[in-house]
Amino acid sequence: MASSAAPPPVDDLVTTHHTLKIGRKSLAYTATAGRVVLREEKITDGRFDGLVPKAEMFVTSYTLDGAEKSRRPITFAFNGGPGSSSVWLHLGLFGPRRIVMGDAAELLPPPYALADNAESLLSVSDIVFIDPVSTGYSRMANGEKADEYHGYARDLDAVGELIRLWTSRNDRWMSPKFLAGESYGTLRAAALAHHLQEKFGLYCNGIMLISSVLDMGTIRPQVGNDWPSILFLPTFAAIAHYHGKHGRKSLRSVLRDAEEYASRDYPYVLSRGNRLSEAERQEAAARVASLTGLTADYVLRSDLRLEHVRFYTELLRASGRTVGRLDGRFAGWLHDGVADRFDEDPSYDAIAGPYSAGLNHYVRDELGYANDLPYELISPKVQPWSYKEFEGEAVNVSRRLARAMRANPHLKVHVAFGYHDGATPYFAAEHVLAHLPIPAELRGNISTAYYPAGHMMYVHEPSRLQQSEDLANFVRDASPVRAG
């Protein structure tokens, strides 16, 4: 008996209703979770052959009940990776529920807990959390190649199409619209603002860039490119300060010294190569060592250029410890006392368990969505990620962001930095913003905020509270009609 073909996939969205108490107000909202089928037009010999299912993308949306759609902002949020689901922004910062896990040196034990998020962005904006293909519960459609969307351009196509579909199906074309990305999600958001304008004429009011990287050349060290060594330096100094390497100096004074050296003397020193005298080399090594908490001998043996993962491994080596990459405030144990690189990031170890438990419980128990697929927090399946559009050059979307801002001079950009973020250092992001090719009159469209925490700065409770307020104010200020 011949087997029948699998039926075409359909959306499997589930809707539930909830309330969230914020101060004296109770917000009634609708949550919708599930997978949306993405389809592409098939053209054969110039003839339209219909729509072909390509992928099924998991989304979770929250909309305020009874709100006037044209006045109510909508924020499309995603994390980065590449290969990360949106769980971090969802349960860490924006969503109406958040994970309770503790913080550096004060982690709570499993199985963890969820709590209402009285600081949720829902107070000022509806929210749609997007899991790119192969992350979360998102997968390719039956029979489609799994790696088709594992790359810069096709990722933009998929996320952009999801945003267009959701906007159209929910009658939100006239709503103020925002993009929010974290880490690689900032690169995606910046390019996506341009992509949505060019492809669909969908203009946004604002972009939130959390732990920003728009130019990979500023954070990926390689022979002939000294910028990562220079731009990581203030972050190294901040992490060293947190772990007691700067005595009684304040963080602000340590950062000021590191920024000054990284802005002037350090680029000159590295540019000189073997033209440096021995005295100059020794002086530079002593200066870098004093800023970073390492020994001058180690700095000399590193040719004055510190590689970031080696730094995290070296800083506390004497005590058999390593510090985190995502968040340098966290510390773990070295697997090998002479290893030049840690085997795992202790800051990721600290957050993976709580966020996985929280998400897997939350979607089933509270949102009513069940799926037997594993929820991929960060999927290795997307690697190698394709950057073929940037062959022979660094991956850099700053010009695409600038183009979006010039085409839409009302577009506002908010950039959030964590001083202890060892993945996307704040000084590198500042460097990119300072070179953004936009006219002087658009510089005022960019706002910034700094927090004494890491990549997911909202893991640090004081930073979470302040950042929630900062982002809510940004949405209010960037919306043509004040939200809330």
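In this predicted model, ring pairs connect Phe-417, Tyr-419, Tyr-426, Phe-427 and Tyr-450 into a cluster. The count of aromatic pairs comes to 24. One of the aromatic pairs is formed by Tyr-152 and Phe-390, with an edge-to-face arrangement, a centre-to-centre distance of 4.9 Å and an angle of 75° between the planes. This pair links distant parts of the chain, since Tyr-152 belongs to helix α2 and Phe-390 to the loop between α10 (346-365) and α11 (398-407), 238 residues apart. Both Tyr-152 and Phe-390 are buried. The rings of Tyr-184 and Trp-385 have planes at 80° and centres 5.7 Å apart, so this pair is edge-to-face. Distant parts of the chain are linked here as well: Tyr-184 lies in helix α3 and Trp-385 in the loop between α10 and α11, with their positions 201 residues apart in the numbering. Tyr-184 is buried, as is Trp-385.

Helix α3, which spans residues 184-200, also contains Gln-197. The relative accessibility of Gln-197 is 6%, and this residue therefore counts as buried, the cut-off being under 20% relative accessible area. When neighbours within four places in sequence are left aside, the contacts of Gln-197 are with Leu-202, Tyr-203, Ala-404, Ala-407 and Asn-408.

Strand β3 pairs with several other strands. Strand β2 (residues 25-44) and β3 run antiparallel and are joined by 15 bridges. Within this pairing, Arg-35 is placed opposite Phe-58 in β3. The hairpin of β2 and β3 has 2 residues between the strands, and Asp-45 in this hairpin adopts a positive phi near 50°. An antiparallel pairing of β3 with strand β7 (residues 126-130) comprises 4 bridges, and there Val-59 stands opposite Ile-130 in β7. Strand β8 (residues 139-140) is likewise antiparallel to β3, with 2 bridges between them. In the pairing with β8, Glu-56 is found opposite Arg-139. In a regular strand, side chains point alternately to the two faces of the sheet.

Internal space was examined next. The number of cavities of 30 Å³ or more is 2. The largest cavity holds about 50 Å³ of space. Its lining consists of Leu-326, Asp-327, Phe-330, Ser-347, Ile-351, Met-456 and Val-459. By class, the lining of the largest cavity has 5 nonpolar residues, 1 polar residue and 1 charged residue.

The second largest cavity contains about 30 Å³ of space. The residues lining the second largest cavity are Phe-58, Val-59, Thr-60, Ser-86, His-90, Phe-129, Asp-131, Leu-359 and Tyr-375. Strand β3 (residues 47-64) supplies the largest share of this lining, with 3 residues. Among the lining residues of the second largest cavity, Phe-58 is the residue opposite Arg-35, and Val-59 is the residue opposite Ile-130 in β7. The lining of the second largest cavity divides into 5 nonpolar, 3 polar and 1 charged residues.

Open pockets were treated separately. The volume of the largest pocket is about 890 Å³. A total of 32 residues line the largest pocket, and those nearest its centre are Gly-81, Pro-82, Arg-325, Leu-326 and Ile-378. Leu-326 is also one of the residues that line the largest cavity. The lining of the largest pocket comprises 16 nonpolar, 10 polar and 6 charged residues.

The second largest pocket has a volume of about 350 Å³. Its lining is made up of 21 residues, of which Thr-32, Ser-61, Thr-63, Trp-166 and Asn-170 are the closest to the centre of the pocket. At least two residues of the lining of the second largest pocket come from each of β2, β3 and α2 (152-169). Strand β3 thus recurs in the description of internal space: this strand gives the largest share of the lining of the second largest cavity and contributes to the lining of the second largest pocket. The residues lining the second largest pocket divide into 8 nonpolar, 6 polar and 7 charged.

Terms used: Residues are numbered from 1 along each chain as its sequence is written. This is a predicted model: local features need pLDDT of at least 70, side-chain atom pairs count only at pLDDT 80 or more; totals for chains, interfaces and linings use all residues. Side-chain values use heavy atoms; hydrogens and water are left out. On a 1 Å grid over the protein atoms alone, a cavity is a set of points where a 1.4 Å probe fits but cannot get out, and a pocket is an open set with protein on both sides within 12 Å along at least five of seven lines; lining residues have an atom within 4 Å of a point. Grid points are joined across faces, edges and corners, and a volume is the space filled by probe spheres set on the points. Ala, Val, Leu, Ile, Met, Phe, Trp, Tyr, Cys and Pro count as nonpolar, Asp, Glu, Lys and Arg as charged, and the others, Gly among them, as polar. Two strands pair if DSSP finds at least two bridges between them. Buried means under 20% relative accessible area, exposed over 50%, partly exposed in between (1.4 Å probe, protein chains only). Contact means heavy atoms within 4.5 Å. Rings of Phe, Tyr and Trp (its six-membered ring) pair if their centres lie within 6.5 Å; planes under 30 degrees apart count as stacked, over 60 as edge-to-face and the rest as tilted.
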